[in-house]
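Student: I have a structure to go through. Can we take it step by step, with short answers?

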Amino acid sequence: MNEKRPKHLALRHIKFPLPAIVSGLHRVSGLLLFLSLPLLLWLLQHSLRSIETFTELGGILQHPVSKLFLTGVLWAFMHHFCAGIRFLAIDLDYGVKLAQARASSKWVMVVSLMLTVLMGVRLW
Amino acid sequence: MVNRVVTGAHYGLRDWIMQRVTALVMVTYVLFIAGWLLLGSSVDYDAWTGLFANNVVRSFSLLFLLALYCHAWIGMRDVVMDYIKVAHLRLALHVAVILALIMYLIWSVQILWGF
C-alpha cells in the first residue's frame, strides 16, 4: 500500500458520535478527579479533625471559588460515575447494539448534568 | 489453527478485572454514604464523626480509598501511556503518580484514625 497517499480530513464536517464523546469525557473527568484528590482529602481531614476545623470548613465552603471548585468536582464525579456504570453494563452485554449504545450515552450526559445541577443548586 | 506467538507482559486482563472490581467497591460505598446523607436529617460534627468512628465504616472507608487509588493508578497509567510520547517524561509521570497515590494512602490512614 502506498503510505504517502494524500489524506483529506474534512475537519469541519467530521463529528464524533455521542458514545465517543462520553468515553472521552470519562477520561477527562477521571483525570480531573485524580488532580482534585489532595484537596478532597484535605476537606475530609478538616471535616473530621475537630469541631473548630469543621466549623472553619463551613466558612471556607461559602466562598464562591470553593463552590466553583466543588461544582466542577461534582460534575466530574457524576459523569465518571454514570459513564462507568454504563461501561460495566456494556461489559455484561447489556446495551451493546448501536441504537441502545447511543441512547445510553445520551442518558449518561443528561443524568450526570441533571444531578450536577440538582446538587449544585443546593450548594449555591 | 493459527500458531500465534503470544507476547506482552500479560497484565492486561488482570488490570481490566481490577478496574471493574474496584469500581464496584466504590459504587457500593458511594451509595452507602449517599443513603446516609439522604436519610439523616442534619449533618453536624457529632453525627459526621460518629459515622466514621464506627469501626466498620472506618474500615469500609479505607477499603474505598484503597480501591480508589488502585483505580486511579490504572486510569492514570493508561492516560499517560496514550498521550505522553517522550519516554523519560512518561516514566517520570508514572513514578510521580505512584508516589502521590502511596502518599495519599498513608494520609488516608492518618485522617481516618486520627480524630
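Student: How many disulfides are there over all chains?
Tutor: This is a predicted model, so the count is made on predicted atoms. A disulfide needs two cysteine sulfur atoms within 2.5 Å. By this rule, the count over all chains is 0.

Student: Is Cys82(A) buried or exposed?
Tutor: Buried means under 20% relative accessible area. Cys82(A) has 13%, so the residue counts as buried.

Student: And what about Cys70(B), buried, partly exposed or exposed?
Tutor: The partly exposed class lies between 20% and 50%. Cys70(B) has a relative accessible area of 26%, so the residue is partly exposed.

Student: How much area do chain A and chain B bury between them?
Tutor: The contact takes 20 residues from chain A and 28 residues from chain B. Carbon and sulfur atoms account for 78% of the buried area. The total is about 2,200 Å².

Student: Which residue forms a salt bridge with Asp82(B)?
Tutor: The rule finds 2 salt bridges across the interface of chain A and chain B. In one of them, the closest N and O atoms are 2.8 Å apart. The cut-off is 4 Å, so that pair qualifies. The partner of Asp82(B) is Arg27(A).

Student: Which helix gives the most to the side of chain A that touches chain B?
Tutor: Helices H1 (18–49), H2 (51–60) and H3 (64–91) of chain A each supply at least two residues to that side. One of them gives 12 residues, the most. That helix is H1(A).

Student: How do the residues of that side of chain A divide?
Tutor: They are sorted into nonpolar, polar and charged. The split is 13 nonpolar, 4 polar and 3 charged.

Key
Residues are numbered from 1 along each chain as its sequence is written. Chains are lettered from A and ligands numbered from 1 in the order in which they are written. This is a predicted model: local features need pLDDT of at least 70, side-chain atom pairs count only at pLDDT 80 or more; totals for chains, interfaces and linings use all residues. Side-chain values use heavy atoms; hydrogens and water are left out. Buried means under 20% relative accessible area, exposed over 50%, partly exposed in between (1.4 Å probe, protein chains only). Contact means heavy atoms within 4.5 Å. Buried area is the accessible area (1.4 Å probe) that two parts lose on being put together, summed over both. A salt bridge is a side-chain nitrogen of Lys or Arg within 4 Å of a carboxyl oxygen of Asp or Glu. Helices (H or I, at least four residues) and strands (E, at least two) are DSSP runs, numbered from the N terminus. Ala, Val, Leu, Ile, Met, Phe, Trp, Tyr, Cys and Pro count as nonpolar, Asp, Glu, Lys and Arg as charged, and the others, Gly among them, as polar.
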